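Here is a short tour for anyone who would like to find their way around this chain. Keep the viewer open and follow along.

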Amino acid sequence: MGPPKQLKRTFLGFDLSTQKLKAVLLGSSLEVVAAAEVKFDTDLPEFRTTGGANAGIIKNEYFVQPVMWVKAMDIVLDRLVMQQADLSTVAAISGSGQQHGSLYWSKHGINTLQNLDSEKFLHAQIDDSAFVVNRTPIWMDATTTKQCLEMEMAVGGTLNMVELTGSKCYERFTGPQIRKIYQQRCHAYEEASRISLVSSFISSLFLGSVAPIDFSDGSGMNLLDIRKKNWSKECLNVCAPDLDKRLDIPVSPNSILGNVSPYFVERFSFSPDCKVAASTGDNPSALSGMLVGSSWLTISLGTSDTLMMSLKEPLNWEEGHILCHPTETEEFMGLLCFRNASLVREEMNKKTTGGNWDKFNEYLDSTPRGNFGNMAVHFNDMEIIPKVQGILRWNKEMNPSFPDAARGVIKFSSPQIEIRALVEGQMLHHRAVAEDLGYKFGPETQILVTGGASVNKSILQTIADVFNAPVHIQDEGYEAALLGAAYRSAYALYLQEAGEEGTPLCYRDYILSLTSNKLSLVCEPHKDSEEIYAPMLLRYREMARVLSNPNT
């Protein structure tokens, strides 16, 4: 069935990222009506964050005081009101939260949440006493190596953990973090009545009770059976005792959880009929906001380069992540992260042009595709896939059987060749890894590029050629994760209203019936791209193998 007639109603989305809390109010045609944000470092200096987080006293320890997020919600709602946003028109609310952060509710905190006084600020009521852990770990924390090893060993090894949960145990994932708290702060764990993710915490505030975790964000915890979309008893048992009671049953990211609590009706004039939808993690929410089809690959060019894709069936990736899809709930999404990305490009730019990106692009464009057979692998830092560090350059004469193959060429003859070898090498690396892990590229493949370097058309053209696929960018606007939160609230409400009346539209068709996907085609591959880059992909794999095993 098609979408219902739109009344004068709006949809409210939040994105609680590492550095900010952002809010966007969308109209009935999903146009932006109002937006506001709170920057943690500058708007809430009393919490003394740097980049939105506090560093602990031991290496790789990072945390946040959850009351900061509560106070940020007070401020961002006030800022919407100051813009004269009519919150009485909000029909549904949802959120996006930084993945892998966790909050530990006290019994007192849950009681307070259920009995909020509209005459007081949220943070004056949901204070430190609402949580049994006041230095809550976030995704940056990597102090759980011991717990990861214990959990993997207990379930029969890394591959079994991957088969069950979609990822091997990662230090920042919530399961190992919960286990660490259970082991090191046993009393706090015992006192924790419920555990929330950052995303479900957003829904909890508006619901007036602890919201369930959605299974898309929940699949980034090393605790969820991604095929059954329920907690793995095996993983729960090896993490901490009675954990299922603290997590409750996971729900679909398309779920309506209930009506907004009376606090928001009385304090901010929300309608008592306003619905609270499940919130999800920032990566799944970003996929929701991009409105791309199932054959699309998303490449985010940032401090790390990240590949995001839709999958009909889960792939067993020992490195990388398989999550439950946030909108096509019978499907999956893949995430591949590459460490050597924009910082390596920036370093090359400084060396070759003094930091002039126009010159960098001129050099890149002036060198032919294929780069005269010159290729390079730049893993300045330890790469994730493959797990190796080093730089290797080969000219067209180099053969993997040569005695000096592991040494390669010390440097190329010009900065133009160096630059093209770097950019082509990075994209060949990304494509080869995705293919080797089972992702299928084909004539239907299209690419959306996001992130800081998505403004660089010369790099985008190289991506189009190496992947042999058209490259698009999003038109200027709001972040995909934030828009995705508001879009999903609209869709969850649509599904509830559709009920049993025929077959509802899928998520993408429904959202695109109300708004455009705001994508622009920027580059198309040259006709000979596959002819040039298919042999280079094979050669890249040889280079990566030699770099990983220099003595073989």
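Which residue lies over the face of Phe-63? That residue is Arg-135, at 3.9 Å from the ring centre. Please keep in mind while reading that this is a predicted model.

**Around Phe-63**

Phe-63 belongs to strand 5 and stands opposite Asn-54. Strand 5 covers residues 62-64 and is joined to strand 4 by two bridges, with the two strands running antiparallel. Together with strand 8 they make an open, antiparallel sheet of three strands, in the order 4-5-8. Strand 4 (54-55) and strand 8 (136-137) are the edge strands, each pairing on one side only.

A second charge-over-ring arrangement is found at Tyr-189: the charged end of Arg-246 sits over the ring, 4.3 Å from its centre.

**Domains and cores**

Stepping back, the domain assignment gives domain 1 (5-278) and domain 2 (342-438 + 538-548). Their centres, taken over C-alpha atoms, are 40 Å apart.

The largest nonpolar core has 86 residues, and Leu-223 and Ile-463 touch the most other members. Where does this core lie with respect to the two domains? Both domain 1 (5-278) and domain 2 (342-438 + 538-548) give residues to the core, so it lies between them. Apart from this core there is another, of 52 residues, with Leu-25, Ala-53, Leu-80 and Ile-202 among them.

To see the surroundings of Ile-463, leave aside its neighbours within four places in sequence. Its contacts are then Ile-299, Leu-301, Met-427, Ile-447, Val-449, Asn-468 and Val-471.

**Strand 1 and its partners**

Strand 1 (residues 10-16) is a good place to look next. It is mostly covered, with seven of its seven residues buried. On one side these are Thr-10, Leu-12, Phe-14 and Leu-16, and on the other Phe-11, Gly-13 and Asp-15, so both faces are covered.

The pairings of strand 1 are set side by side here.

| Partner of strand 1 | Sense | Bridges |
|---|---|---|
| Strand 6 (residues 90-97) | parallel | seven bridges |
| Strand 2 (residues 20-26) | antiparallel | six bridges |

Individual bridge partners can be picked out too. Phe-14 has Gly-95 as its bridge partner in strand 6, while Asp-15 has Lys-22 in strand 2. Strand 1 and strand 2 form a hairpin, with three residues between them.

**Aromatic residues**

There are 19 aromatic pairs in the structure. One of them joins Trp-105 and Phe-201 in a tilted arrangement, 5.9 Å centre to centre and with 40 degrees between the planes. This pair links distant parts of the chain: Trp-105 is in strand 7 (residues 102-105) and Phe-201 is in helix 8 (residues 198-207), 96 residues apart. Are these two rings buried or exposed? Trp-105 counts as buried because its relative accessibility is 0%, and Phe-201 is buried as well, with a relative accessible area of 1%.

Tyr-170 and Phe-173 form another tilted pair, at 5.3 Å centre to centre and 40 degrees between the planes. Both Tyr-170 and Phe-173 are buried.

Phe-14, already met in strand 1, also takes part in an aromatic cluster with Phe-206, Tyr-263, Phe-264, Phe-268 and Phe-270.

**Two loop residues**

Pro-470 is in the loop between helix 17 (457-467) and strand 22 (471-474). Why does Pro-470 count as buried? Its relative accessibility is 19%, and the cut-off for buried is under 20%. Beyond its neighbours within four places in sequence, Pro-470 is in contact with Thr-445, Gln-446, Ile-447, Leu-521, Cys-523, Glu-524 and Pro-525. Ile-447 is also in contact with Ile-463. From Pro-470 to Trp-296 the C-alpha to C-alpha separation is 10.0 Å, although they are 174 residues apart in sequence.

Thr-327 is in the loop between strand 17 (321-324) and strand 18 (332-338). At 9% relative accessibility, this threonine counts as buried too. Not counting residues up to four places away in sequence, Thr-327 touches Asn-254, Ser-288, Arg-488 and Tyr-507.

Conventions: Residues are numbered from 1 along each chain as its sequence is written. This is a predicted model: local features need pLDDT of at least 70, side-chain atom pairs count only at pLDDT 80 or more; totals for chains, interfaces and linings use all residues. Side-chain values use heavy atoms; hydrogens and water are left out. Domain bounds come from an automatic or database domain assignment. Two strands pair if DSSP finds at least two bridges between them. Helices (H or I, at least four residues) and strands (E, at least two) are DSSP runs, numbered from the N terminus. A nonpolar core is a set of buried Ala, Val, Leu, Ile, Met, Phe, Trp, Tyr and Cys residues joined through side-chain atoms within 4.5 Å. Buried means under 20% relative accessible area, exposed over 50%, partly exposed in between (1.4 Å probe, protein chains only). Contact means heavy atoms within 4.5 Å. Rings of Phe, Tyr and Trp (its six-membered ring) pair if their centres lie within 6.5 Å; planes under 30 degrees apart count as stacked, over 60 as edge-to-face and the rest as tilted. A charge sits over a ring if NZ of Lys or CZ of Arg is within 6 Å of the ring centre and within 35 degrees of the ring normal.
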